[in-house]
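Good morning, and thank you for coming. Please look at the sequence and the model on the screen, and I shall then go through a few of their features.

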Amino acid sequence: MNDASQNSPGSAADAADVPTLLVKIFGKDRPGTTAGLFDTLAGYGVDVVDIEQVVTRGRMVLCALVTAPNGPGAEGGLRATVHSWAEAAQMQAEIISGTGDNRPRGAGRSHVTVLGHPLTAASTAAITALITEAGGNIDRIFRLAKYPVTAVEFAVSGADPADLRSALAPAAAARGVDVAVMPAGLQRRAQRLVVMDVDSTVIQDEVIELFAAHAGCEAEVAEVTAAAMRGELDFEQSLHARVALLAGLDVSVVDKVRAEVRLTPGARTLVRTLKRLGYQVGIVSGGFTQVTDELKEQLGLDFAAANTLEVADGRFTGRVTGPIVDRAGKARLLHAFAEQAGVPLSQTVAIGDGANDLDMLNAAGLGVAFNAKPVVRQAADTAVNVPFLDTVLYLLGITREEVEAADEVDGVTPPD
């Protein structure tokens, strides 16, 4: 390394001792403002150390951290010239002397995503106060989406992500907002696998209830479901009991049930966007392959697994075939899908709503409880409590604008 490089203000050895100026510009956003500022600064031979620019409702805040100019009276000249330029541009300027760059960010870096419908000042105050109490510093704030929810991301340093998640979760639930805490780093941009539950997650319906309606046994199925909810039956027992009520139903009803299935708002957008980014996407269900196979084809999924209703002579026998997809089965399938996809479990995302999804949510790198039961919300890494499945994209740092821009290029007309 030559001497010039060693003495550069950007080197770690002496960056803290280099005189710098923080130049802040405020005013109405206009084309050419940034170029105009740096053209003005260029006349003093300064180096750029850092730049930040934010535009909110047409008002710009532009910050430039630059090295102080050399020579007698040079700083005073720069100050006068910048203020004169700003006044001519109908902007305001503030210049603050100091030394060095930004202070190093603390250890323990996280992305804290807050979803609100709406996002209130009170909830924002509570969340940000708890970040501070947990020892965190908010280094940057960025809006990810303004509809169908308001989604804001905080870049936080100085707090352990797990401790931060524990501190924020109760406040989020009390304030009616959703908060996700994810460790920062390259892994957030790595290829991932997303695996979702089906009933009341990817779709709005319970498939067994759709079949039961055609068999005329809705009440009986509902009673078995209630018994399972009371803990009187485990999932496998309740599955066999409910499927037995479908015995004799003509298999042609499958086409009718498929036509009745309603995708959850945002499901298509979520899958479409993830696939564009190179993610692999799968579904696991305690329901039936007679429906999930169709969903796999319809949405272009990579993986799908569910129970299979046995058929004989064109009618359901009242039994299922093959291994049962239950709570433990869903977790096993997550492992199997990850292995097939070549993705480590730490890079998987699982989404579900019921107790049957808990093992899968806990096994995944990120478990998302989607409009879930309280016990599931408490156990998952984060919860989404708005009826739009594509809000999960914001937890991954994907903005609404990026989604819409990609849709426009591909000629997709929202909503999905």
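By class, how many residues in the lining of the largest pocket are nonpolar, polar and charged? The lining has 19 nonpolar, 13 polar and 11 charged residues. Please keep in mind throughout that this is a predicted model.

Let me stay with this pocket for a moment. Its volume is about 1,200 Å³. The lining is made up of 43 residues, and those closest to the centre of the pocket are Glu52, Arg105, Asp139, Arg140 and Ala155. Seven strands each give two or more residues to the lining, namely E1 (19-28), E2 (48-56), E3 (59-67), E4 (91-99), E5 (110-116), E6 (137-145) and E7 (150-157). Of the elements, E6 gives the most, with 6 residues.

Now to the chain as a whole. The protein chain has 16 helices and 15 strands. How does its radius of gyration compare with the globule rule? The radius of gyration is 28 Å, whereas the rule gives 22 Å for 416 residues, so the chain is more spread out than a compact globule. Taken along the principal axes, the C-alpha atoms fill a box of roughly 95 × 45 × 40 Å. Of the 416 residues, 44% count as buried. As for contacts between residues at least 6 apart in sequence, 66% of them join residues at least 24 apart.

I turn next to the salt bridges, of which the structure holds 16. I shall take several examples.

The first example lies within one helix. Glutamate 75 and arginine 79 form a salt bridge through their side chains, at 3.2 Å from N to O. Why are these two separated by about one helical turn? The reason is that they are 4 residues apart in helix H3 (residues 74-88). Glutamate 75 counts as partly exposed because its relative accessibility is 27%, which falls between the cut-offs of 20% and 50%. Arginine 79, at 25%, is partly exposed as well.

In the next example, the side chains of lysine 330 and aspartate 197 meet in a salt bridge at 2.9 Å, N to O. This pair links distant parts of the chain: lysine 330 belongs to helix H12, aspartate 197 to the loop between strand E9 (193-196) and helix H6 (207-215), and 133 residues separate them. Are the two partners buried or exposed? Both lysine 330 and aspartate 197 are buried.

A further salt bridge joins glutamate 294 and arginine 258, whose closest N and O atoms are 4.0 Å apart. Glutamate 294 lies in helix H11 (residues 289-299) and arginine 258 in helix H9 (residues 253-260), so this pair ties together parts 36 residues apart in sequence. Glutamate 294 is partly exposed, at 29% relative accessible area, and arginine 258 is also partly exposed, at 31%. Elsewhere, Arg272, Arg276, Asp407 and Asp410 are joined into one network by salt bridges that share partners.

Finally, let us return to helix H12, which spans residues 327-341 and includes alanine 328. Alanine 328 is partly exposed, with a relative accessible area of 33%. Its C-alpha atom is separated by 12 Å from that of aspartate 234, although the two residues are 94 apart along the chain.

That concludes my presentation. Thank you for your attention.

How values were computed: Residues are numbered from 1 along each chain as its sequence is written. This is a predicted model: local features need pLDDT of at least 70, side-chain atom pairs count only at pLDDT 80 or more; totals for chains, interfaces and linings use all residues. Side-chain values use heavy atoms; hydrogens and water are left out. On a 1 Å grid over the protein atoms alone, a cavity is a set of points where a 1.4 Å probe fits but cannot get out, and a pocket is an open set with protein on both sides within 12 Å along at least five of seven lines; lining residues have an atom within 4 Å of a point. Grid points are joined across faces, edges and corners, and a volume is the space filled by probe spheres set on the points. Ala, Val, Leu, Ile, Met, Phe, Trp, Tyr, Cys and Pro count as nonpolar, Asp, Glu, Lys and Arg as charged, and the others, Gly among them, as polar. Buried means under 20% relative accessible area, exposed over 50%, partly exposed in between (1.4 Å probe, protein chains only). The radius of gyration is taken over C-alpha atoms; the globule rule is 2.2 Å times the number of residues to the power 0.38. Contact means heavy atoms within 4.5 Å.
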